[in-house]
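Here is a friendly walk through a protein model, written for someone who has the chain on screen and would like to know where to look. Have the viewer open and follow along.

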Amino acid sequence: MRILLAGIVFLLFGVRLHAQNPQAGGNHGGGAGRGGQQMTGRFYGKIVDSLTNKPIEFASVQLIQTRYDSVKKARKEVIVNGMLTKANGEFSLENVPAFGQYKLKISVIGFKAIERPVAFAFNRGGNSGGDMSSMISALDKDLGNIKLFIEDKVLGNVTVTSSKPLFEMGIDKKVFNVDKNIVSAGGTGVDVMRNVPSLNVDIDGNVTLRNNAPQIFVDGRPTTMTLDQIPADAIESVEIITNPSAKYDASGGTAGILNIVLKKNRKVGYNGNLRANTDSRGRIGAGADINMRQNKINIFASLNFNQRKSISNGETERSTFLTDTTTKLTQNDKSTWKGDFGFARGGFDYFINNRNTISVTGNFGRGEMKPHSESDIYTDYLLTPPVTAFSERNSISKNIFRNTGLQLSFKHNFPKSGQELTADVTYNKGTNTNINTITTNYYTGSTANDQYIQRQNGSGDNKNIIIQSDYTNPITDKMKIEMGVRAAIRQNNSVNDFYIYDKSINDYIYNPVQSNSYNSKDHVYAAYTTFTNQLKNFGYQVGLRAESSNYDGFLPAKNESFKTNFPLSFFPSAFLSQKFRNDQEMQLNYTRRINRPNFWQLYPYIDYSDSLNLRRGNPDLKPEFTNSLELSYQKIFKNKDNFIASVYFKNTNHLITSTLKPDSSLGKPVLISSYINANSSYVTGLELISKNKITKWWDLTSNFNLYTSKIKIDDPNQPKQNQFASWFAKINNSFKLPKNFSIQLSGDYQSKTILPPGGSLSGGGGRGGGFFGQPSASQGYIRPNYGVDAAVRFEFLKNRVASISLNVNDIFRTRKQDIHSESYGFVQDAVRRRDPQVFRLNFNWRFGKFDASLFKRKNNKSDNLQNDNGGATF
């Protein structure tokens with residue numbers, strides 16, 4: 001009888017629902033505005049008997065919102081979602097628009113009906129502590145165990161913004177939403193970073209955050225991929241954390257964390273995206289995304305393919321004073337990179353029940369590049385009389401890389417809202433194979449009188465596995481404790497074989513002197529805990545992280561081993577915040593971090609891959625420790641404009657810096673680049689970020705960074721350099737025009753700045769060989785440069801589901817790498833330019849239908865109220 005009555009109640013509820021929403025399932029225009037993509041979330045929980053704690057089946061759960069009736073000129077209540085609880089008492093209301101306030105109404109025969117306000121606890125200004133998963137967690141709201149006949153549990157209310165802007169600013173975390181950035185459409189992760197405030201990108205794709213190479217994560221975990229191996233269209237957002245708390249990996253030295261969030265959708269139904277692009281160099285690209293969710297299963301997949309043609313040229317002038325004879329080298333270079341790469345990602349979420357979820361995600365990337373460079377080299381020996389030599393170098397290479405990643409995650413939500421336990425295992429593997437043939441012709445006058453041919457066969461692989469578990473317990477609504485453990489294991493193997501062509505036998509001869517191989521493995525073990533509390537308008541968070549690591553290296557050819565143990569180190573963090581009237585807030589934070597020497601910095605033998613730039617690591621390097629202090633002020637204006645000012649100071653002990661020293665072990669004096677630990681260094685700066693809505697159709701985001709830095713090295717052979725101030729500025733304009741047109745115009749300027757020490761040449765996510773890494777050095781400077789990018793987009797079809805865009809980078813051909821460097825017996829000036837004025841035409845089409853009846857779902861009768869305009873994830 002009870003089941004029958006419950007069915008009648010739900011039937012009446014369904015009739016009322018249809019009557020109040022006669023267009024349900026028809027128009028599906030959404031509430032995000034004229035085809036804009038609507039941010040949606042989920043309310044879920046469990047209904048139990050207050051006396052027995054047993055689940056209550058067939059309870060009616062309704063989500064109600066007050067809306068304005070334009071016909072009656074009055075506000076009325078409208079049911080926007082609802083269902084009957086399952087046998088275990090659980091309910092889940094899917095695809096709930098994230099904007100506005102709701103009322104949850106629960107009723108069942110034999111129990112007292114209850115009503116309570118609910119809303120998504122989405123913080124507009126960014127969440128304290130810079131939690132990378134805060135946005136997703138806020139839109140997946142656990143209402144806990146709801147007991148009938150006891151005191152109502154009033155859930156916290158919060159008002160959320162009605163749209164998703166290009167850039168979201170918080171006092172301790174910033175979020176850049178890539179979907180709004182039309183300049184990077186069809187490009188790579190490097191193109192995305194050029195438009196992110198606070199980030200500077202050199203022509204080789206190396207990224208710096210406040211003048212330092214940041215630690216780059218993908219979905220919150222380290223990756224073996226470089227930024228140019230990640231398609232821009234696969235990126236959902238970029239999160240910037242300038243001073244991470246003890247919750248995060250302590251590695252990264254003087255920089256913060258750059259987290260790339262890849263696209264993933266959990267909306268009920270199906271949705272996807274198809275895209276294609278071509279550029280002015282004849283390159284093409286294509287991609288597709290698909291997401292399907294039915295009951296307890298959410299499946300997602302994406303595929304991207306891009307061709308590449310990169311052109312660069314440069315000129316180098318170098319004077320060397322190693323012996324009694326001074327030599328002056330002038331080198332003109334021209335290089336072309338051709339190739340293609342593909343990226344695939346897929347996975348699924350299995351919702352065991354409302355509080356337990358298992359997720360599996362995999363990604364695979366593969367690419368093949370064929371670099372070709374030509375160099376004309378003029379060498380003047382300043383003798384009496386002077387002697388001039390000319391040589392021509394031709395390099396032909398073939399590089400193949402593969403990247404594979406797999407992540408298994410488990411999440412358990414406790415009945416108490418905000419209390420959760422997560423555990424995950426992440427595995428990444430990257431492999432590469434390189435074949436490089438260098439032919440050098442030596443000339444006397446206009447006649448070639450000698451030829452030297454060298455071939456390099458290189459291969460390598462790197463693997464890392466990370467095991468991590470985190471626990472969060474909100475003791476009260478103002479107080480919480482977090483703790484976790486983490487183990488990271490990384491392994492690198494590298495082989496470089498060199499061969500010299502012998503004309504007498506018409507074949508290559510193996511060169512054991514220059515050839516080398518190296519294997520390394522390092523382990524990092526960590527545990528942390530943080531405590532957060534809010535006392536009226538004053539909040540604080542204190543944390544402590546402990547890490548221990550060890551490094552093992554092995555040279556197979558020489559049967560030599562190296563071992564370095566980094567003992568247990570502690571990394572405290574403290575965050576203090578004070579809110580003032582009129583949406584103002586100040587925060588003072590302190591952290592301690594570490595930067596351990598990487599694979600190539602520890603490599604003990606000479607790298608001959610570039611005969612004009614020999615390198616050798618230093619196995620005696622120590623890790624560097626950085627103490628960071630930052631004071632920030634934020635003001636949110638009534639019109640939602642946002643302004644943040646930050647003063648920061650960083651002091652580093654044992655800074656890893658590059659150095660050039662003469663070496664005679666090769667039979668003649670040569671300069672070899674290596675690494676040493678400086679005594680100390682410091683960086684101090686002021687950063688200003690502002691987001692302004694100039695008019696209804698013009699949004700402006702601007703960023704200014706003023707800084708200075710200095711390194712102290714007790715080495716009389718290192719030249720001294722005067723300290724000076726440098727600055728960096730970036731602006732991003734977004735214009736909404738009539739007829740569904742929009743324009744984006746962005747630009748950046750870097751003033752003269754001290755040359756970095758080179759301690760992180762492979763950092764920053766680029767291809768390497770860039771000029772940015774650490775804060776400063778006593779070995780040179782970078783001359784000013786700037787660049788401007790632009791894009792225009794036209795949206796069409798119903799709900800603007802299709803778009804065509806045209807973007808161009810470096811409009812005025814001004815971006816370049818212009819470096820002056822000097823050291824003992826060495827002075828050099830080098831200028832390079834890469835890929836100016838490249839036009840790219842893009843097409844994009846979104847599709848989807850969020851009508852769960854397509855999958856014959858029976859537990860949610862109101863799914864047909866949701867939109868069918870498709871789109872990117874929230």
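Let us begin inside the protein, bearing in mind that this is a predicted model. The lining of the largest cavity is made up, by class, of 8 nonpolar, 12 polar and 13 charged residues. This largest cavity has a volume of about 580 Å³. Of the 33 residues that line it, those closest to the centre are Thr 188, Asp 191, Arg 283, Asp 835 and Arg 840. In total, the model holds 12 cavities of 30 Å³ or more.

Which element gives the most to the lining of the largest cavity? That is β18, with 4 residues. At least two lining residues come from each of α3 (189–193), β16 (269–279), β17 (284–294), β18 (297–320), β19 (327–353) and β42 (802–808).

**A covered strand and its partners**

Now move towards the start of the chain, to strand β2, which spans residues 60–69. Is β2 mostly covered or mostly open? It is mostly covered, as 7 of its 10 residues are buried. Strand β2 pairs with β3 (residues 74–84) in an antiparallel arrangement joined by 10 bridges. To find this pairing on screen, pick Tyr 68, whose bridge partner in β3 is Arg 75. The hairpin of β2 and β3 has 4 residues between the strands, and in this hairpin Lys 73 takes a positive phi near 55 degrees.

Strand β2 also pairs with β5 (residues 102–107), again in the antiparallel sense, over 5 bridges. A handy marker here is Leu 63, which stands opposite Leu 104 in β5.

**Aromatic rings**

A pair of aromatic rings is described by the distance of the centres and the angle of the planes. Across the whole structure, a search finds 20 aromatic pairs. Two of them involve Phe 43 and are set out below.

| Ring pair | Centre to centre | Angle between planes | Arrangement |
|---|---|---|---|
| Phe 43 and Tyr 102 | 6.2 Å | 75 degrees | edge-to-face |
| Phe 43 and Phe 120 | 4.3 Å | 10 degrees | stacked |

What does the pair of Phe 43 and Tyr 102 tie together? Phe 43 belongs to strand β1 (residues 40–49) and Tyr 102 to strand β5, so this pair links parts that are 59 residues apart in sequence. Phe 120, for its part, lies in the loop between β6 (114–118) and α2 (134–138), so its pairing with Phe 43 in β1 ties together parts that are 77 residues apart in sequence.

Are these rings buried or exposed? Phe 43 counts as buried because its relative accessibility is 0%, and buried means under 20%. Tyr 102 is buried too, with a relative accessible area of 4%, and Phe 120 is buried at 1%.

Further along the chain, ring pairs link Phe 704, Trp 727, Tyr 749 and Tyr 786 into a cluster.

**Charges over rings**

Rings can also be seen with charged side chains here. Arg 293 lies over the face of Phe 351, at 4.2 Å from the ring centre. In another such contact, the charged end of Lys 635 sits over the ring of Phe 637, with 5.4 Å to the centre of that ring.

Methods. Residues numbered from 1 in each chain as written. Predicted model: local features only at pLDDT ≥ 70, side-chain atom pairs only at ≥ 80, totals over all residues. Heavy atoms only, no water. 1 Å grid on protein atoms, 1.4 Å probe; cavity = no way out; pocket = protein on both sides within 12 Å on 5 of 7 lines; lining within 4 Å. Points joined across faces, edges and corners; volume = space filled by probe spheres on them. Nonpolar A, V, L, I, M, F, W, Y, C, P; charged D, E, K, R; others polar. Buried < 20%, exposed > 50% of the residue type's maximum accessible area, 1.4 Å probe, protein only. Pairing = 2+ DSSP bridges. Phe/Tyr/Trp six-rings, centres within 6.5 Å; stacked < 30°, edge-to-face > 60°. Lys NZ or Arg CZ within 6 Å of the ring centre and 35° of its normal.
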